[in-house]
Amino acid sequence: MEASKISELMTRNVISVEPDCQLKQAVFTMQQRKISFLIIAESGKPLGVLSERDIVRLACQHTDPEQLQVQDVMTAPVITVTEDANIFQVYDLLNSKKIRHMVVVNDAGLITGLTTLTNILGGLSIEYFIELKQVANIMSKNICTLNPDDSIQHALEVMTEKRISCVIITDHNKPVGIITERDITRLYSTDILENTTLTNIMSHPVRTTDSGTFIPQANAIMQQEKLRHLIVVNADGSLAGLISQTDIARRIEEHYVGYLRSMVTRQDQDLQYEHARFSIFFVQNPNAVVSYDVHGNIVDVNQAFCRLSGYKQQDLIGKNFEYLIHPEDIASARNSFQKACKDETKHVELRIMQKSGCIAHVFNSYLSIYANHHVHRIYSIMHDITEKKRVGQQLQIAEEKAQLLTQAVECANDAITITDRQGSIEFVNAAFTRITGYTAEEAIGNKPSILKSGEHDASFYKKMWTGITNGKSWQSRLINRRKNGEFFPAELSIAPVFNTEGEITHFVGIKRDLTEQAELEDKFHQAQKMEAIGTLVGGIAHDFNNILAGITGNIYLAKHEAKQLPCVVKRLGKIEQVSLRAADMISQLLTFARKGMVSMEEIPLTSFIKETLKFIHTSVPENIAVHKDVCAEQLHIEGDTTQLHQVLINLINNARDAVEHVDAPSIAIKLESFHADDAFAENHSYFNTGCYAHLSVEDNGSGMSEQQTEHIFEPFFTTKEQGKGTGLGLSMVFGAIKTHHGFVEVASIEGKGSSFHVYIPLLNKKAIAASTSLEKKFANGHGELILLADDEQLVRETNAEVLESIGYRVLQAKDGLEAIEIFRTHWEEVAMVLLDVVMPYLGGMPLAKCIREINTDVPVIFMTGYDKEHVLYGAENMSNSKTLTKPVQLDALSRAMRQLLD
């Protein structure tokens, strides 16, 4: 049997009309479409039916089709079945209700199709059961016949009364025509039915067959020629009987339908068994299962897949399989599905996009189901491997972390050692070998005691061991010994490693080599010492400069008053020279401390060095060979000419003294450009990469020991014999070059000589060096009133006398507050203000700002013996002002005053 559900045998193209459709229009529709049955429906639901038998009844009653609607004459209610009805249920219902048409509806009661006995017979494949039977066995012999000249009205009354679908027209018992319900329907709305005989409307000639025809042959004729009746005649052509589709269906029931029923029952049992198997495979399967058609559209999903995807079943039916696949996996999924359609089973890992937005990893297998020798369904069985993937990813991450940790340990600069619980070494990294000299093969299996230096007693190691075995970390500095016997300082930290039960299994030690750090700490301590000395020097210099200012001022006055006493003037001149030497010493101390007055400007260093060497050459004895190598390139720096002059003098004087007792003394002076690249800066960490002016002074003199070289730049440290050196020359060099943002390096071998290297950063542009020559002449005043403020009485009074002696009038103030009061009183007369930078109550820039609030244009000269940058911050931006260093040279003061006043 080919079909069991009526949905597979029904006609889906159903013709229906609305209840208010005119009867004439409905009959016309039946004629035009050549159908025997019309459904009257509203909103898709059947309300009644109109058949050809109804038309015969209406024609017999002489009803006017133009005056009626189908709802007035339809047969109601409608007998219906659902699509899942068994064909035998429909067959029994057609027979019991003696109807030829059955309306099929869905669960909502909406029309979905129509079926007839003809449809059912076509699906039952009855040929096997009736192939030996002839039509004579099942034909109807009680046939209603009429003569050709009988009226149509008589035929209508016979068909209506006997509820038959046709009447055979005979002449001398031979069939000459037939009139059927369809003929009546065709002529119902015409006038031909009135007052006419059957001859005018009967169908002729008629289709006949003999009584010996086998039933399958007769059934085939009726199916092919679309006949519902076949006239059976005798050998002489006389009427023998009539066979119809209904006869065939009803006559074979006792032979065939029973068999089919039993077969269907067995099929139902088989189906239930298959359904149980399918339930295990699909419904109850713990894995996600999806059913697709051959186009990849979802037909069904089980609950396991709903749980996996987060979607409900109704959300997925009809969707394409790509709807749920991760975009990056669609190509792979499409390829595997195409293979499944060819029954080439394909396994593939896919990512499913869940409704929540998360991703599920599945291992997907396809199963192909055949129907009529073709793949009909594709089942996808998905095993959720999300957790497995997650664990795998965690393992991969853990492996990567372990690999990273291993690489980090191997790349670490510190030595890392792992020992067992008893302290035997199990692992050392590359840094351990580099620091200690022991290879991994030499260290593993030994104890860390191979590094003991003997510098620590037993209690030191006992305390360490007690701490770490009690589960505590330990850290300390110690002295270790390398494989070659060399001692080195180290910082060691040891931590215990615990297992899951909290037991110590290993110890991890991290050792840092402090050799370089110790050297840096020594240098730092040396720098701190130098800084402390510089601070002390700065404080002393401030007070000493005030004393020298008083001395030089009084010398000037004394010389002026003793013009008539040459001997006295000569003695005063010597005192003045000594005072100037003292001032020069203080200047060098301040340069070392980097607290002196510095005037930085752009200098063409090449020209400056050449000019300076001309004057210095006279201070070097003729027996000393002086080699000068000054580059032709003009090197420009930002510097102070006075300090650079002192740097060169000190270096050459030191070299001159160093070669004093050498048989063939020589000094080499060289100036060149130098580029500090990355390689150089790597070995000289205090350097920045870039271009420098490199000045070197080298001698073949006595040289210095390593210990002497370490202290060479300290103030008052000297290698010369007593009376030949103050110990300030190289200190001044060190401070001056630091002020120029440069560096000084020294290399010396005792008994072979020394070389000093000075590096000063070059500027990127060229400029003309400012002239350093100053005319030492006094510039007299013209009676201007000057306000002089200084807290040192001797200095103040002396400077006042000097200013008055060269033509100025002077007002004196002992501190800042008094200076403000005096200026407020005489501000219109005061032509200039001379201010000591450090005074009680108010001094320096604050005092100048208060004065400038009274008179914004008054010239100001600051005088200081100490740190200009500290006490005069912002003075460089003050207009119409200058700064002079104590002890102030009176000629320089007089010229500065005239520059501002004029």
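# A tour from Arg377 to strand E29

Start at Arg377, which is partly exposed at a relative accessible area of 23%. On this scale, buried means under 20% relative accessible area, exposed means over 50%, and partly exposed lies in between (1.4 Å probe, protein chains only).

The model is predicted: local features need pLDDT of at least 70, side-chain atom pairs count only at pLDDT 80 or more, and totals for chains, interfaces and linings use all residues. Residues are numbered from 1 along each chain as its sequence is written, and side-chain values use heavy atoms, with hydrogens and water left out.

**Around Arg377**

Show strand E17, residues 374–384, which holds Arg377. Strands (E, at least two residues) and helices (H or I, at least four) are DSSP runs, numbered from the N terminus. Now display the contacts of Arg377, where contact means heavy atoms within 4.5 Å. Leaving out residues up to four places away in sequence, Arg377 touches Ser291, Tyr292, Asp293, Val299, Leu367, Ser368 and Ile369. Draw the C-alpha to C-alpha line from Arg377 to Ser291: it spans 6.7 Å, although the two are 86 residues apart in sequence.

**Rings next**

Tyr292, one of the residues touched by Arg377, leads to the aromatic pairs. The whole structure has 16 of them. Rings of Phe, Tyr and Trp (its six-membered ring) pair if their centres lie within 6.5 Å; planes under 30 degrees apart are stacked, over 60 edge-to-face, and the rest tilted.

Select Tyr292 and Phe321. They form an edge-to-face pair, with 6.1 Å between centres and 75° between planes. Tyr292 belongs to strand E13 (residues 288–292), while Phe321 sits in the loop between helix H13 (313–316) and helix H14 (330–341), so look for partners 29 residues apart that link distant parts of the chain. Both Tyr292 and Phe321 are buried.

Go on to Tyr311 and Tyr323. This pair is tilted, at 6.0 Å centre to centre and 55° between the planes. Tyr311 is in the loop between helix H12 (303–309) and H13, Tyr323 in the loop between H13 and H14; twelve residues separate them.

Which of the two is buried, Tyr311 or Tyr323? Tyr311 counts as buried because its relative accessible area is 15%. Tyr323 is partly exposed, at 41%.

Stay on Tyr323 and add Lys319, which lies over the face of the ring, 5.4 Å from its centre. A charge sits over a ring if NZ of Lys or CZ of Arg is within 6 Å of the ring centre and within 35 degrees of the ring normal. For another case, jump to Lys452, over the face of Tyr461 at 4.3 Å from the ring centre.

**Strand E29 and its partners**

Ring pairs also link Phe674, Phe680, Phe687, Tyr692, Phe743 and Tyr759 into a cluster. Keep Tyr692 selected: it stands opposite Pro761 in E29.

Color E29, residues 753–761. Seven of its nine residues are buried, so the strand is largely enclosed by the rest of the structure. Two strands pair if DSSP finds at least two bridges between them. E27 (residues 690–699) pairs with E29 in the antiparallel sense, over eight bridges. E28 (residues 743–749) also runs antiparallel to E29, joined by seven bridges. There, Ile749 has Gly753 of E29 as its bridge partner.

Zoom in on the turn. The hairpin of E28 and E29 has three residues between the strands, and Gly751 takes a positive phi near 85°.

Another hairpin is worth a stop. E18 (residues 415–420) and E19 (residues 425–428) pair in the antiparallel sense, over three bridges. Thr419 is bridged to Ile425 in E19. Four residues lie between these strands, and Gly423 takes a positive phi near 95°.

**A helix stop**

Select Thr798 in helix H26, residues 793–805. Thr798 counts as buried because its relative accessibility is 2%. Beyond residues up to four places away in sequence, Thr798 touches Gly550, Gly553, Asn554 and Leu557.

**Zoom out**

Show the whole chain: 30 helices and 34 strands. Of its 902 residues, 44% count as buried. Among contacts between residues at least 6 apart in sequence, 61% join residues at least 24 apart.

How many disulfides does the structure hold? Zero, where a disulfide is a pair of cysteine sulfur atoms within 2.5 Å. Two cysteines to click are Cys60, buried at 16% relative accessible area, and Cys358, partly exposed at 44%.
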